[in-house]
Each structure stands twice: as C-alpha cells, then as structure tokens.
Amino acid sequence: MPGFVLQVRPRDDGDAAIRVGFTVTKKIGNAVTRNRIRRRLKSILRELATTVTPGTDVLISVRLAAATASSATLRAALIECLVRAELIPTVRA
C-alpha cells in the first residue's frame with residue numbers, strides 16, 4: 001500500500017492476544033506528525049481488533065504517503081491489507 005507496509009507473523013505460544021507494532025521514521029516528519037499517524041492507525045485497529053485472527057503479531061511500517069492521507073483512506077488501505085493477509089474474514093465498509 002502507498003501509506004504503509006504490513007508484516008504479519010503467527011505465534012504458537014498459546015497467547016490469543018494480537019500484538020501490533022509501529023515503525024515511523026523521522027523521514028515521515030516531526031514528532032507531532034509521527035505520533036498523529038500512529039494514533040490514527042491505533043484507533044482504526046481498535047475498531048477492527050475483534051475481527052482479526054487471534055495469536056498474530058502485526059508490524060506496520062509507515063511510509064511518507066500516510067502523513068497526508070485521510071483517515072478514511074488509511075482505514076480502507078488497512079482493511080485491504082488485513083484481508084490480503086487473511087487476518088479478517090470479510091471486508092468491512
């Protein structure tokens with residue numbers, strides 16, 4: 001996706017929690033911009049957390065395009081990535 005890269009790894013430790021990590025480099029902008037993007041993605045993931053396959057690690061590497069993208073665009077891109085990774089069963093509008 002133009003706004004970020006999503007990497008997924010299943011865990012076998014029996015823990016059903018979903019762990020999410022973010023990498024937002026200084027190339028994206030200053031601390032305010034980086035934290036704003038991270039907060040927006042966390043909010044979207046909170047909404048989708050109940051549908052994501054349990055026991056997975058997700059790493060989101062943010063790209064420069066995410067700094068200017070709207071929340072709706074980020075949400076659609078994140079849903080598309082999660083569907084492609086087979087972490088959510090269907091597309092939610």
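Student: Strand 3, residues 56–62: mostly covered or not?
Tutor: Mostly covered. Five of its seven residues are buried. Bear in mind that this is a predicted model.

Student: Which strands form the sheet, and in what order?
Tutor: Three strands, in the order 1-3-2. The sheet is open and its pairing is mixed.

Student: What about strand 1 and strand 2, where do they stand?
Tutor: At the edges. Each has a single partner strand, so one side of each is left without a neighbour in the sheet. The twist averages 15 degrees from one strand to the next.

Student: In what sense do strand 1 and strand 3 pair, parallel or antiparallel?
Tutor: Antiparallel, over seven bridges. For example, F4 has V62 in strand 3 as its bridge partner.

Student: And strand 2 with strand 3, parallel or antiparallel?
Tutor: Parallel, over five bridges. V20 is bridged to V58 of strand 3. T23 stands opposite S61, again in strand 3.

Student: OK, helices. Which strands does helix 1 touch?
Tutor: Strand 2 and strand 3, as helix 1 packs on the sheet. Its direction makes about 160 degrees with that of strand 2.

Student: Where does helix 2 lie?
Tutor: Across strand 1 and strand 3. Helix 2 runs at about 35 degrees to strand 1.

Student: How do the axes of helix 1 and helix 2 cross?
Tutor: At roughly 50 degrees, and the axes come within 10 Å. Helix 1 spans residues 31–48 and helix 2 spans residues 71–84. The two helices are therefore oblique to each other.

Student: Left-handed or right-handed crossing?
Tutor: Right-handed, as helix 1 passes helix 2.

Student: Which residues meet there?
Tutor: From helix 1, R40, L41, I44, L45, E47 and L48. From helix 2, S71, L74, R75, L78, I79 and L82.

Student: How do those contact residues divide into nonpolar, polar and charged?
Tutor: Eight are nonpolar, one is polar and three are charged.

Student: New topic. Where is G14?
Tutor: In the loop between strand 1 (4–10) and strand 2 (19–23).

Student: Is that residue, G14, buried or exposed?
Tutor: Exposed. G14 has a relative accessible area of 73%, and the cut-off for exposed is over 50%.

Student: How far apart are G14 and I60?
Tutor: They are 46 residues apart in sequence. In space they are 23 Å apart, C-alpha to C-alpha.

Note on methods: Residues are numbered from 1 along each chain as its sequence is written. This is a predicted model: local features need pLDDT of at least 70, side-chain atom pairs count only at pLDDT 80 or more; totals for chains, interfaces and linings use all residues. Side-chain values use heavy atoms; hydrogens and water are left out. Axes are lines fitted to C-alpha atoms, for helices over the stretch in contact, and angles run from 0 to 180 degrees between N-to-C directions. Helices (H or I, at least four residues) and strands (E, at least two) are DSSP runs, numbered from the N terminus. Angles under 35 degrees count as roughly parallel, over 145 as roughly antiparallel, 65 to 115 as roughly perpendicular and the rest as oblique. A crossing is left-handed if the near helix is turned anticlockwise from the far one by less than a right angle, and right-handed if clockwise. Contact means heavy atoms within 4.5 Å. Ala, Val, Leu, Ile, Met, Phe, Trp, Tyr, Cys and Pro count as nonpolar, Asp, Glu, Lys and Arg as charged, and the others, Gly among them, as polar. Buried means under 20% relative accessible area, exposed over 50%, partly exposed in between (1.4 Å probe, protein chains only). Two strands pair if DSSP finds at least two bridges between them.
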